[in-house]
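Good morning, and thank you for making time for this presentation. I shall begin with the overall picture, then turn to one helix, to several charged pairs and to one sheet.

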Amino acid sequence: MAIAMVAPAETAKADGEVRRMPNIVGVEVTCSLQDEEGYWWYGGRDTGLCRFDGYDTEAFRSDRQHPDLLRSNDVLCMTELRANAEVWFGTKEGAYILSKRDYQVRPIVVQAGNEGNELADKRINCMLAAADGSVWLSFRNQLLHLSATAMLLERFVTTWEGKNRSISRICFDREGKLFAELWNGGIVCLKKEGGKWTLEDTPLKSLEMVEGYGRATAEEVSQRLDSVMAQQAPKNDVRVLSWVRGMSENEFFIGTYHSIYLYDGETIKPLQTGLDKVRSMAYSKRLNTLFLLSKAPGICQWKDQRLTVLSDSSQFRHLQLVGDTALLLSDGLTGVSMLSLRTLTLTADTTTSDVKPIATAYVVDGKKQPTAYGTRTLSLPSGVDIVEILLSTLDYDHVSQVQFAYRMDNGVWIMLPEGENMAKFAHLSGGTHQLQVRATDAYGRWSAPTTVLAIECPLPWYGHIWLWAALLVMAGGAGYFYYKRRNGERQEQSSAVLQEDPVDGTTAEEATALSVADQDFIDKAAAAVSANMVNSDYSVDALASDLCMSRANLYRKMRSITGQTPTDFIRNQRLERAAQLLRTTSHTVNEIADLVGFSYASYFTKCFKDKYGVLPKDY
């Protein structure tokens, strides 16, 4: 799977607003769809299959790293199979399925005798998912009906006037009939009767007659309304500023610079004149009422062939109907207000936003992966230093205005600037962490905190309780055996001294007392070094002075008792203190080196590794 990053750019209108869409300069986009989650998918010449989240585009295509992913990167058609969380798409050389659960791509295999995959080298012209979970696709003059598991159910050969014709487009009407538009003219229809599909010709010339306004995009509706207004409205009032559907799909209310009109699919009818810039409109079918927002007289309603002014407020730019009880108003600058239709009271809106921030992808050690469909938990591999979570509200209209805030494990909220969508974490501790995110909507309102992901980080090798228990048992056992061995050696030394020189009258009790004296000497020496731990200049001479003895006597006694030189003794005391600080504090290696009297961190690291076998940072 290859993932390519494409910068966003503002392009054509959709649903009446300017959307931020992928910047694919020089590439012809042939097909697109918005899936169940809200992502935009598109494909075109040499693009592969692309997913857009409002900020970044991820492309699934063949490249140098993945040369065999697709036989062709030219995507011609696509459809979504929601029940399987899959995107099916056709290319110039075969058809494929992308699973949104793991973002893996596999070819659609249709066996044709001994020839292998019938679709492997075919140009797939169109594809459409049916309501029953099956999929229709076509190549050349073949129309195939496939199950949700890509098994061939039925095959049809399309002809027109006795000649084979390829299919350019397919669609369903409201009765469940399947219509296929043929290249160079002609439409065929498939009906399902008695559980079986049958093919027949129709007198239709265009699928526009099948789809009607109900399937037209907002951009197409706007173009049609502009055309109608140019032909039927007064010449000084043909500019469409706003529109909204009425009681039926073919009925539209149109707002202009000076008036509101009703279009019934054939002719336009003026409803009210003398208005100033009808900026926004909303229609309630239950109340059979049109609400409109104009520069003057303000917020109004059209009902029973009469215009009523609800509020003379003129600063607002956008109106949205909230149920049937209130109007949400935005001035485009400072936020939103609410007008109650029951009391006609205009107040500031303090409700939270209903946007739902999601994690669209994550980056671990520089490698980006899209977040799989339905993912609620992200398990990180061991050894990860930095993880980046990419966020989106899939609000393509206001990408540059959306603001995110996030926190981990109910900590402090971190607020990102407008237009930025990356939550970044470094050195997460082992265990499960909860990432919460908030986001603003088009009016600047914050959503309630939403738990986007549970992030599971593996415990370090030294973080497991069973390991520490084992180490404690081993250390206790080693200490016990060391004590037994050391005590036995001292008793043997005392016996040997008594046997070699019994003339001085030293008794066994006095020999035992001598070993206690040695321990007291070591304790005093250790205390002296500890008191001067941070002093890197503390030397053997200073230690001898603190113990009230000469350097030579210190050397002989220290060597006879511990087997170490005074220099080694001082160094080991410093290293043992460093190990304790590494276990119990969060100081850095450099800070600990200073605290235990090492002038150079590099020399401290070398000595520590010689003693303990690991670097300080790994201890």
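Which residues of helix α9 are buried? They are Phe604, Cys607 and Phe608. I shall come back to them after a few words on the whole chain.

Please bear in mind that this is a predicted model. The protein has 619 residues, of which 43% count as buried. Its secondary structure comprises nine helices and 41 strands. Among the contacts with a separation of 6 or more, 47% are between residues 24 or more positions apart. The accessible surface is about 33200 Å², and carbon and sulfur atoms contribute 50% of that surface.

Let me now return to the helix. α9 covers residues 601-612, which makes 12 residues. From the first C-alpha to the last it reaches 16 Å, close to the 16 Å expected at 1.5 Å a residue. As I said, Phe604, Cys607 and Phe608 are its buried residues. Viewed down the axis of α9, the buried residues fall within an arc of 100°, so they line one face of the helix. The general background is familiar: an α-helix has 3.6 residues a turn, so residues three or four places apart point the same way.

Against what do the buried residues of α9 pack? Their partners are α7, residues 566-584, and α8, residues 589-595. On the face turned away from the buried side we find the exposed residues Ser602, Lys606 and Asp610. After α9 comes Gly613, with a positive phi near 85°.

I turn next to the charged pairs. The structure holds 21 salt bridges, and I have selected three of them, followed by a network.

The first on my list joins Arg61 to Asp46, with 3.1 Å between the closest N and O atoms. This pair links distant parts of the chain, 15 residues apart: Arg61 is in the loop between β6 (57-60) and β7 (75-81), whereas Asp46 is in the loop between β4 (40-44) and β5 (48-52). Asp46 counts as partly exposed, at 45% relative accessibility.

The next pair is Glu181 with Arg169, whose closest N and O atoms are 3.4 Å apart. Glu181 belongs to strand β18 (residues 178-182) and Arg169 to strand β17 (residues 167-172), so the salt bridge ties together parts that are 12 residues apart in sequence. Is Glu181 buried or exposed? Glu181 is buried, with a relative accessible area of 17%, while Arg169 is partly exposed at 30%.

The last pair is Glu388 with Lys424, where the closest N and O atoms lie 3.8 Å apart. Here the link runs between Glu388 in strand β36 (residues 386-392) and Lys424 in strand β39 (residues 422-426), which are 36 residues apart. Glu388 is buried, at 16% relative accessible area, and Lys424 is partly exposed, at 48%.

In addition, a network of salt bridges links Asp35, Glu37, Glu80, Arg82 and Lys100.

Finally, the sheet. Five strands form an open sheet in the order β35-β41-β40-β37-β38, and the pairing is mixed. At its edges are β35 (377-379) and β38 (414-415), each of which pairs on one side only. Within the sheet, β40 (residues 431-439) and β41 (residues 450-457) pair in the antiparallel sense over seven bridges. As one point of registration, Val437 has Thr450 in β41 as its bridge partner.

Thank you; I would be glad to take your questions.

Key:
Residues are numbered from 1 along each chain as its sequence is written. This is a predicted model: local features need pLDDT of at least 70, side-chain atom pairs count only at pLDDT 80 or more; totals for chains, interfaces and linings use all residues. Side-chain values use heavy atoms; hydrogens and water are left out. Helices (H or I, at least four residues) and strands (E, at least two) are DSSP runs, numbered from the N terminus. The expected span of a helix is 1.5 Å times one less than its number of residues. Buried means under 20% relative accessible area, exposed over 50%, partly exposed in between (1.4 Å probe, protein chains only). The arc is that of the directions from the helix axis to the C-beta atoms. Contact means heavy atoms within 4.5 Å. Accessible areas come from the Shrake-Rupley method with a 1.4 Å probe; for residues, only the protein chains shown count as cover. A salt bridge is a side-chain nitrogen of Lys or Arg within 4 Å of a carboxyl oxygen of Asp or Glu. Two strands pair if DSSP finds at least two bridges between them.
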